[in-house]
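Visitor: I am in my first year of study and would like to learn how to read a structure step by step. Could you take my questions one at a time?

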Amino acid sequence: MRIRSVLLTSVFVFLSAMLTAQTTLTLKEAIRIAAENYPSIKAKSAYVQASKEMVTEAKREQLPNVNLSVQQDYGTINGTNGPLYGFGGLAVASSGPALASQNWNAAFGALYLTNVNWEFFAFGKYREKVRVAQRTQESNTKDYEQELFEHKVKVAAAYLNLIASRQITKSYEKNLSRADSIRVFVIARAKNGLVAGVDSSLANAEYSSARILLTTAKDKEQEQKNILAQLMGTNDNNFEVDTSFIAALPGVYLDTVSTAQQHPLLQYYKSRIAVSDEQAHYLKTQYYPSFSLVGVWQSRGSGFGSDYATDQGSYTGDYWKGINPSRSNYLFGVGVTWNIMQPVRLSKQVNAQRLISKALQEEYNTADVAIKQQLQTAQNKMRNALANYREAPVQIKAASDAYHQKSVMYKNGLATMVDVTQASYTLIRAETDRNIANNNVWQALLLKAAAQGDFNLFEDQLR
């Protein structure tokens, strides 16, 4: 029974570990998930698809208007002599003879109409409208690419920050283990009267401080994990980061970057300028007249006879006779329409659009200057990060040797507990500096990729 109980307990513990095991999330996988899940990326993608539809709509706007109309009515046709204008289409089209008195003779009537209206020449108005739609689509595409690029950089930075937090947590775990070992040793010797009792108090204080540092480090690590999960567009933070690649240097880091003209942000600003310029061209096409072709086919049916003017009894209430078309007309024509006040109205709007283009150009210049400065900053950060990376092993070895020496000396009564504590502080600081130095090289490479506008510069170095 006892063996059976032990086996069941072992199986339960194994299954629990399997269920709660955290999966290892690589940086490439985190970037992929973020690109697919993050809401703002999806929104930009939807805007791109919408702008594609608007391009198609702008092209179809050049097609002729074809209107079909069918109506069947019942009513009187009393007419009167006098002027009439149907403001807003609020008058009825009752046509009939102007009789001496009102009557309420009513019959059915019908109208069947086909109308074709094609604005076949408008000095490039429709062509420019299509170009505006195309430039807008390009701008939305560049906006999407910039958003995606920027978000990839954010995810990579959050991932590296999480790695740094995780490594610092491990350093503080080692620090706690060292503090605990010293504490156990000191308490044992204090009980035997080999060291002063205050040393055990100092050892306990150092152990408590190490626990606080570890708890703070874990809290910071959890914050960074939550930030990364948010950037990935998920609430699931049950994962572990891959820290294996961070110990090695990336393959490229000091090659000279000549230009960042293909930076997604600059491309987005260029596309906005192109949209504004195209809108100014489109507005200018509104200055000119439009030439149209029209064609109409109309059939009418009426329950009133052709001699109704002289014989008011010549009508029928029969529905089928009233809606049967008995008269037809057709019309073809060409016309020109020109609002000569349009140039006066739109000239200021054109000037305003040109000034908007100028403002967008200045925004482009501002971004260009900022990116060039960011490139220089990235180069400097890379040099400094490499210098610290090379210096970190020297510091960690010296601090480790010092701690080991002070520990041995204390055990032999040649150093005080304060000396050991001070050496411990130096060692944990050296371990932290080493972890940060490794991480800063990758952070500098990420900054360089962000400044150059080429995320592949960073991503290609990942294993």
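Visitor: Which residue in β5 is the bridge partner of Phe121?

Guide: Please keep in mind that this is a predicted model. Strand β3 covers residues 107-121 and strand β5 covers residues 290-302, and the two pair in the antiparallel sense over 12 bridges. Within this pairing, the residue of β5 that forms a bridge with Phe121 is Phe291.

Visitor: Which residue in β6 does Phe291 stand opposite?

Guide: Strand β5 is also joined to strand β6, residues 327-337, by 11 bridges, and these two strands run antiparallel. One bridge between them links Val294 with Gly333 of β6. As for Phe291, the residue opposite in β6 is Val336.

Visitor: What is the order of the strands in the open sheet?

Guide: In general, the strands of a sheet pair through backbone hydrogen bonds, either parallel or antiparallel. Here the pairing is antiparallel, and the four strands of the open sheet follow the order β2-β3-β5-β6.

Visitor: Why is one side of β2 and of β6 left without a neighbour in the sheet?

Guide: The strands β2 (65-75) and β6 stand at the edges of the sheet, so one side of each has no neighbouring strand there. Neighbouring strands of this sheet are turned against each other by 15 degrees on average, with direction ignored. The reason for the free sides of β2 and β6 is therefore that each has a single partner strand.

Visitor: How far apart are the end C-alpha atoms of α8, and what span should its 70 residues have?

Guide: Counting 1.5 Å a residue, the 70 residues of α8 should span 104 Å. The distance between the end C-alpha atoms agrees with this expected span, because it comes to 97 Å.

Visitor: Where does α8 bend, and which proline follows within four residues?

Guide: The helix α8 bends by about 30 degrees, and the place of this bend is Glu391. Just after α8, Gly413 takes a positive phi of about 75 degrees. Returning to the bend at Glu391, the proline that follows within four residues is Pro393.

Visitor: Which element gives the most residues to the lining of the second largest pocket?

Guide: The second largest pocket has a volume of about 260 Å³. Of the 17 residues that line this pocket, the closest to its centre are Val153, Gln374, Leu446, Leu447 and Ala450. The elements that give two or more residues to the lining are α4 (125-191), α8 (342-411) and α9 (417-452). With six residues, the element that gives the most is α9.

Visitor: How many residues of each class does the lining of the second largest pocket have?

Guide: The lining of the second largest pocket can be sorted by class into nonpolar, polar and charged residues. In that order, the numbers are nine, six and two.

Notes. Residues are numbered from 1 along each chain as its sequence is written. This is a predicted model: local features need pLDDT of at least 70, side-chain atom pairs count only at pLDDT 80 or more; totals for chains, interfaces and linings use all residues. Side-chain values use heavy atoms; hydrogens and water are left out. On a 1 Å grid over the protein atoms alone, a cavity is a set of points where a 1.4 Å probe fits but cannot get out, and a pocket is an open set with protein on both sides within 12 Å along at least five of seven lines; lining residues have an atom within 4 Å of a point. Grid points are joined across faces, edges and corners, and a volume is the space filled by probe spheres set on the points. Ala, Val, Leu, Ile, Met, Phe, Trp, Tyr, Cys and Pro count as nonpolar, Asp, Glu, Lys and Arg as charged, and the others, Gly among them, as polar. The expected span of a helix is 1.5 Å times one less than its number of residues. The bend at a residue is the angle between axes fitted to the seven residues ending there and the seven starting there. Two strands pair if DSSP finds at least two bridges between them. Axes are lines fitted to C-alpha atoms, for helices over the stretch in contact, and angles run from 0 to 180 degrees between N-to-C directions.
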